[in-house]
Amino acid sequence: RERHTRYLALHGSHDAVFAVVIGPAHEPAGWVGYWQSDWQGQAVWETGWHVLPEFQGQGVATTAAALVLDRARATGTHRLVHAFPSVDNAASNAVCRKLGFELLGEVEIEYPPGRPMRANNWRLDLSGTTTATTPEAR
């Protein structure tokens, strides 16, 4: 929950981090976002998400990520978006697969900064059609 609060406080001129809320009471369920990043010398969007445990396994991350990818696409700023879930995070890797990301392989990243992590490098070309295709994602 502390990390959830910390991420929601992120902001910047090119960053977009959103609270994910559920139901008529807008119960906090997690966060989703995209931010400008440099990947191998190229400016790209990077995306990530986190869903609180009680909402996991219900399609919340997939729907939220689809919506945020459509928003990143609409900016017209970058053509490519990358996601770097841990190789051990089956759920986040499944989100990438469901949303049409291409798996480029494993990479070593620091997350959080100063802590090495093996991650899968997933890439999505935003020049294609919208990602949020389900009625509930609109």
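In this predicted model, strand β1, residues 16-22, pairs with β2 in the antiparallel sense, and 7 bridges join the two. One place to see the pairing is V21, whose bridge partner in β2 is P28. The two strands make a hairpin with 4 residues between them. In that turn sits G23, which has a positive phi of about 75 degrees.

On from the hairpin, β2 also pairs with strand β3, residues 42-51. This pairing is antiparallel and runs over 10 bridges. Here W35 can serve as a marker, since its bridge partner in β3 is E46.

These strands belong to an open sheet of 6 strands. Read across the sheet, the order is β1-β2-β3-β4-β6-β5, and the pairing is mixed. The edges are formed by β1 and by β5, residues 102-110, each of which pairs on one side only. From one strand to the next, the twist averages 30 degrees. A helix, α3, lies across β3, β4 and β6. The angle between α3 and β6, which spans residues 116-125, is about 15 degrees.

Now turn to the aromatic side chains. The structure holds 3 aromatic pairs. One of them joins W31 and W35, with ring centres 6.4 Å apart. Their planes stand at 45 degrees, so this pair counts as tilted; a tilted pair is one that is neither under 30 degrees, which would be stacked, nor over 60, which would be edge-to-face. How buried or exposed is each of the two residues? W31 has a relative accessibility of 6% and therefore counts as buried. W35 has 21%, so this residue counts as partly exposed. The cut-off that matters here is 20%, because buried means under that value.

Another tilted pair is formed by W39 and F84. Their centres are 4.7 Å apart, with 50 degrees between the planes. Where in the chain do W39 and F84 lie? W39 is in strand β2, residues 27-39, while F84 is in the loop between β4 (80-83) and α3 (90-98). The two residues are 45 residues apart, and the pair thus links distant parts of the chain. With a relative accessibility of 18%, W39 counts as buried. F84 is buried as well, at a relative accessible area of 12%.

Methods. Residues numbered from 1 in each chain as written. Predicted model: local features only at pLDDT ≥ 70, side-chain atom pairs only at ≥ 80, totals over all residues. Heavy atoms only, no water. Phe/Tyr/Trp six-rings, centres within 6.5 Å; stacked < 30°, edge-to-face > 60°. Buried < 20%, exposed > 50% of the residue type's maximum accessible area, 1.4 Å probe, protein only. Pairing = 2+ DSSP bridges. Axes fitted to C-alpha atoms, helices over the stretch in contact; angles between N-to-C directions. Contact = heavy atoms within 4.5 Å.
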